[in-house]
Amino acid sequence: MARTRIVILGAAGRDFHNFNVLYRNNPDYEVVAFTATQIPHIDGRAYPAELAGDGYAGGIPIIPESELQDLLVREELDAAVFSYSDVPYNYVMRHSALVNAHGADFLLLAARRTMLPSIKPVIAVTAVRTGSGKSQTTRRIAELMRERGYRVVVVRHPMPYGDLAAQAVQRFGSYEDMERQHCTIEEREEYEHHVAAGSVVYAGVDYASILKEAEKEADVVLWDGGNNDIPFYRPSLWLTVADPHRPGHEIAYYPGEINVHSADVVVVNKMDSADPKAVETVLANVRALNPGATIVRAKSPVTVLGDAESIRGKRVLCVEDGPTVTHGEMRIGAAVVAAKAHGAAEIVDPRPWVVGEIKETFEKYPHIGPLLPAMGYGDAQVADLEKTINAIPCDVVLVGTPIDLLRLVNIHKPSMRVTYTLEEIGTPTLTEIIDGFAARHPLVPADA
């Protein structure tokens, strides 16, 4: 019987996981290629033979998504598996139309088919969109679990932008681990804040192997989801973070709406800085999609690490988390919020001074506006970011990314970091949620 020949559409994360779980060493399928999009510099590689399994002695090519139509025609494929996230529904269906028009099935895999079971309890934190506030929510949950005596290991959604075979299983317990494994700015933005708070972080490519390693040192596995993807592990408790700065996105983006439907708890974040009407829109949509979910209301206060009063009356450059303001489509970030709160005279528009790959980023995402995404998917992009920052005429640089950017970029002018936390408004609180979780999953003594 002929094998079903497929292409997996992805962005160096969910696509590899879907392959590993459903198609690796599966004699019924042949994966002809992966396509890559959304993230710079992830195409032109191959999924390595040592990870691909039987039948792929030369690995599996990873091609730009722009070549998808040619691939469908040339290979006469049977199906395309859509395997990335944080995209609007019209984008998904345009791909479906293209694939179906060339005689192939268009597949969206159900969450239960790709979520791996764990021998340890799993708390999953997902979101409606990237930049909704998973980071501070996950940090808060890790803190609450540690206070109750649990060993918490964070497993982060994949970001394998380098040598895929070498990145199959990655463990980060220190800054030196990130240095040794040549992490990009984007990877550091997801790992560094957890490590600084005392958590061990796992990430990589092979999430079955990652889970086995994490389980060895965890009482609880804390899934920190990327973009608005669904969890790779079957949750014992599933939280989804919604963002009223983008009202309506909870019913318009894939697979964020799945996360709302599936969540035990929905955290409506940033209520301190969002329009009250937008908050009500999000609350109404959440209740309609998932009337049984517990809703936690929260704010996301920002703190300037330094002399906040020195911002007043100054020209300020705001550097923000890259994915949040690019494909996440946010028009403000923590630095912008802090600049406005502390009386900046002007938020400097960086666009006249952007160079190289940073200029290309603004061309690809023209909605960005007067802030600077901290893009750093490779050395050249980091160098262009540094050149851009230092060329911009400003008095102060506010850095709203979750990392200490000065570890990677030499900024030749006064700069301060802006951090953000999660604070619940009223009840229920995350403390109450975690108390209930701990009662259902009591800590097992180490010598038991």
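1. Start with glutamate 329, in this predicted model. Its relative accessibility is 32%, so glutamate 329 counts as partly exposed, since that label covers values between 20% and 50%. You'll find glutamate 329 in the loop between helix H12 (322–325) and helix H13 (334–341). Have a look at the backbone there too: phi of glutamate 329 is near 65°, which is a positive value in a residue other than glycine.

2. Next, histidine 182. This residue also isn't a glycine, yet histidine 182 has a positive phi of about 55°. Its place is the loop between helix H7 (175–180) and H8. Is histidine 182 buried or exposed? Relative accessibility comes out at 68%, so histidine 182 counts as exposed; the cut-off for that word is over 50%.

3. Follow the chain from that loop into H8, which covers residues 185–196. H8 has 12 residues, and the stretch from its first C-alpha to its last is 15 Å, close to the 16 Å expected at 1.5 Å a residue. How many of the 12 residues of H8 are buried? The count is 11, making H8 mostly covered. Don't expect the buried set to be just greasy side chains: Glu186, Glu187, Arg188, Glu189, Glu190 and Glu192 are among the buried residues, along with Ile185, Tyr191 and Val195. His193 and His194 are buried as well. Just after H8 comes glycine 198, with a positive phi of about 100°.

4. Now see what H8 packs against. A quick reminder: two packed helices are described by the angle between their axes and the distance between the axes. Helix H6 (residues 134–147) and H8 pack at an angle of about 25°, and their axes are 11 Å apart. That makes H6 and H8 roughly parallel to each other, because angles under 35 degrees get that label. Their crossing is right-handed. On the H6 side, the contact is made by Ser135, Thr138 and Arg139; on the H8 side, by Glu190, His193 and His194. Sort these residues by class and you get no nonpolar, four polar and two charged residues.

5. H6 has another partner, helix H16 (430–440). Which way do H6 and H16 lie relative to each other? Their axes come within 10 Å and cross at roughly 50°, so H6 and H16 are oblique to each other. This crossing is right-handed. H6 brings Thr137, Arg140, Ile141, Leu144 and Met145 to the contact, while H16 brings Leu430, Thr431, Ile434 and Phe437. By class, the contact of H6 with H16 has six nonpolar, two polar and one charged residues. Try setting that beside the H6 and H8 contact, with its no nonpolar residues.

6. While you're at H16, check the loop leading to it. Proline 428 lies between strand E23 (423–424) and helix H16. The peptide bond that joins threonine 427 to proline 428 is cis, with omega near 0°.

7. One more peptide bond to look up: the one from tyrosine 254 to proline 255. Is it cis or trans? The bond from tyrosine 254 to proline 255 is cis, and its omega is near -5°. Proline 255 sits in the loop between strand E14 (253–254) and helix H10 (256–262).

Definitions and conventions:
Residues numbered from 1 in each chain as written. Predicted model: local features only at pLDDT ≥ 70, side-chain atom pairs only at ≥ 80, totals over all residues. Heavy atoms only, no water. Axes fitted to C-alpha atoms, helices over the stretch in contact; angles between N-to-C directions. Helix = DSSP H or I, 4+ residues; strand = E, 2+ residues; numbered from the N terminus. Parallel < 35°, antiparallel > 145°, perpendicular 65-115°, else oblique. Left-handed = near helix turned anticlockwise from the far one by under 90°. Contact = heavy atoms within 4.5 Å. Nonpolar A, V, L, I, M, F, W, Y, C, P; charged D, E, K, R; others polar. Expected span 1.5 Å × (residues − 1). Buried < 20%, exposed > 50% of the residue type's maximum accessible area, 1.4 Å probe, protein only.
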